Amino acid sequence: MKIPAFLSKNGQIGVRNHILVFPTIICAAQVAEAVSRAVPGTVSVNHPHGCGHLGEEREHMVRTMAGYCANPNVGGVLLVGLGCELISPQVIAAELAARRVPYAILSIQACGGSAAAVRRGVELARRLKRQARRAERIEVDLSQLKIGVKCGGSDTFSGLSANPALGAASDRLVAAGGTVIMTEVPEMIGAEEVLSRRAANQRVAARIRQITRRMEQSIMRAGVDVRGTEPSPGNIAGGLTTLEEKSLGAVLKGGSTPIRQVVGYAESPSRTGLVIMDGPALDAVSLTGLLAAGAQIIVFTTGRGTPLGAAIAPVIKVATNSRLFQAMGDDLDLNAGEILDGGMSIDAMGQRIFEKICAVAGGEATRSEILQHHEFAIHNIGPAV
Amino acid sequence: MPVDAIRIDPRDNVATALRELAAGECLTLSPAGESLTALETIPAGHKLAVRTIERGAPVIKYGETIGLATREIAAGGYVHVHNVAGRRGRGDLL
């Protein structure tokens with residue numbers, strides 16, 4: 001099966017062709033936003049990272065930022081720095097050059113201040129946009145698609161409607177040769193045996209248990225019952241009683257095919273099929289990790305309702321119930337509540353989600369793109385310096 | 001026919017209400033069609049016991065243990081954070 005997509009210079013396919021204005025340090029975020037607002041057709045993100053990262057955390061931040069900027073949906077990046085930071089545009093640019101991603105660099109201190117930097121940034125962004133505009137969609141095989149699957153603001157309906165339906169869609173994409181990346185490891189605690197039984201081999205099974213055990217150990221160090229944080233107050237109001245219950249419903253969204261690989265946070269899978277990515281369940285953090293790992297589209301189920309999106313990728317929102325779909329319709333794309341209302345089977349909804357993925361890949365906008373949600377976050381793994 | 005509550009797996013001892021259930025209401029469980037009377041109000045999306053769950057016994061959903069009952073729960077009783085404890089992520093028990 002074919003979809004129309006952009007072919008990037010390193011051979012990967014993208015379903016969008018964004019010009020991203022990316023601050024590598026919090027001090028440059030405002031300039032990045034101002035440049036993006038002044039140049040229609042560009043996107044920017046905002047984050048508090050870029051300085052004070054020690055050792056392993058520095059590598060983690062660089063890998064995630066570079067992976068995000070090199071996502072195949074990105075046609076060009078304007079990297080914005082202040083001039084004295086730890087993670088400078090030059091550090092990220094080295095990665096982008098290796099992956100043949102077009103970029104430009106802007107430094108606030110070199111320009112002589114933020115106003116001058118905005119003026120210079122607008123010129124650079126316009127030039128990147130002109131270069132990127134030459135790209136055209138060509139027919140590519142669906143097997144080139146990597147989707148990230150997520151749930152957020154879950155309720156008990158998540159495990160009854162939207163997640164099983166997304167699982168059915170995931171199975172279809174895997175059958176077509178594509179890749180499905182599932183993450184949110186705290187929401188595998190209580191379901192890791194269910195997952196391990198479906199690992200493609202013993203090594204993958206051991207890795208699933210290892211990352212789940214490590215996540216639970218770090219949770220335990222806080223010395224409190226995780227309930228109240230995970231599940232969250234909204235999850236509990238939505239009927240989820242324990243973390244185990246949430247996890248058993250959450251893992252359904254990856255579908256039923258064997259788990260081929262376990263990768264680290266923001267690490268690109270080297271296998272196709274269903275893959276697990278390590279990392280937190282925090283919505284913006286897991287979204288960012290999936291995009292840094294190369295996912296071109298995210299499918300995100302929600303029971304309580306969330307408008308979260310991404311600057312560089314379509315996020316398809318699937319409501320778990322009809323009451324939510326009516327209440328927050330502006331932010332949601334599909335209603336899996338039809339399963340609970342009696343009108344539609346899980347498999348039929350899975351087909352509908354799969355068709356939406358294909359349509360969105362070909363250019364149809366999601367609500368989160370129309371409403372310009374550009375959430376971005378990376379978790380800290382080291383001491384605050 | 002509208003569904004009142006779903007019991008996902010035959011091993012489950014809880015069902016999930018698809019709409020608010022009133023105390024004393026008789027309902028039909030899907031997919032197997034058993035009858036059950038709700039003992040108290042069950043909010044939409046929340047759970048009720050399909051048979052008596054003893055104090056300390058596993059609460060089973062999706063065919064797996066999701067926690068342990070902290071009090072005895074009668075058939076038709078509301079099952080949630082007030083009478084179920086999780087076993088995982090319990091840093092408070094260290």
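Q: Which residue follows α11(A), and what is the sign of its phi?
A: Gly294(A) comes after α11(A), with a positive phi near 105°. Helices (H or I, at least four residues) and strands (E, at least two) are DSSP runs, numbered from the N terminus. The model is predicted: local features need pLDDT of at least 70, side-chain atom pairs count only at pLDDT 80 or more, totals for chains, interfaces and linings use all residues, and side-chain values use heavy atoms, leaving out hydrogens and water. Residues are numbered from 1 along each chain as its sequence is written, while chains are lettered from A and ligands numbered from 1 in the order in which they are written.

Q: Is helix α11 of chain A mostly covered or mostly uncovered?
A: Mostly covered: of the 10 residues in helix α11 (residues 283–292), 9 are buried. Buried means under 20% relative accessible area, exposed over 50%, and partly exposed in between (1.4 Å probe, protein chains only). Among the buried residues of α11(A) are Val285(A), Leu287(A), Leu290(A) and Leu291(A).

Q: What covers them?
A: The cover includes α2, β8 (146–151), β9 (179–182), β11 (273–277), β12 (297–302) and β13 (315–319) of chain A. Contact here means heavy atoms within 4.5 Å.

Q: Switching to aromatics, how many pairs are there?
A: There are 3 aromatic pairs over all chains. Rings of Phe, Tyr and Trp (its six-membered ring) pair if their centres lie within 6.5 Å; planes under 30 degrees apart count as stacked, over 60 as edge-to-face and the rest as tilted. Phe22(A) and Phe376(A) form an edge-to-face pair, 5.6 Å centre to centre with 70° between the planes. The two are 354 residues apart, Phe22(A) in strand β3 (residues 18–23) and Phe376(A) in the segment after α15 (367–370) of chain A.

Q: Which ring besides that of Phe22(A) is in a cluster with Phe376(A)?
A: Tyr68(A) is, since ring pairs link Phe22(A), Tyr68(A) and Phe376(A) into a cluster. Phe22(A) is buried at 0% relative accessible area, and Phe376(A) is buried at 7%. Tyr68(A) and Phe376(A) are also edge-to-face, at 4.7 Å and 90°. That pair spans 308 residues, with Tyr68(A) in helix α2 (residues 56–69).

Q: Which charged ends sit over the ring of Phe300(A)?
A: The charged end of Lys150(A) lies over this ring, 5.0 Å from the centre, and that of Lys317(A) does so at 5.2 Å. The criterion is NZ of Lys or CZ of Arg within 6 Å of the ring centre and within 35 degrees of the ring normal.

Q: And the largest nonpolar core, which members touch the most others?
A: Leu145(A), Ile147(A), Ile276(A), Ile297(A) and Ile353(A), out of 63 residues. Such a core is a set of buried Ala, Val, Leu, Ile, Met, Phe, Trp, Tyr and Cys residues joined through side-chain atoms within 4.5 Å. Helix α14 (residues 346–361) of chain A gives the largest share, 7 residues. A second, separate core has 44 residues, including Phe376(A) and Ile378(A).

Q: Last topic: which residues lie nearest the centre of the largest pocket?
A: Arg214(A), Met215(A), Asp278(A), His379(A) and Ile381(A), among 18 lining residues. The largest share of the lining, 5 residues, comes from α8(A).

Note on methods: 1 Å grid on protein atoms, 1.4 Å probe; cavity = no way out; pocket = protein on both sides within 12 Å on 5 of 7 lines; lining within 4 Å.
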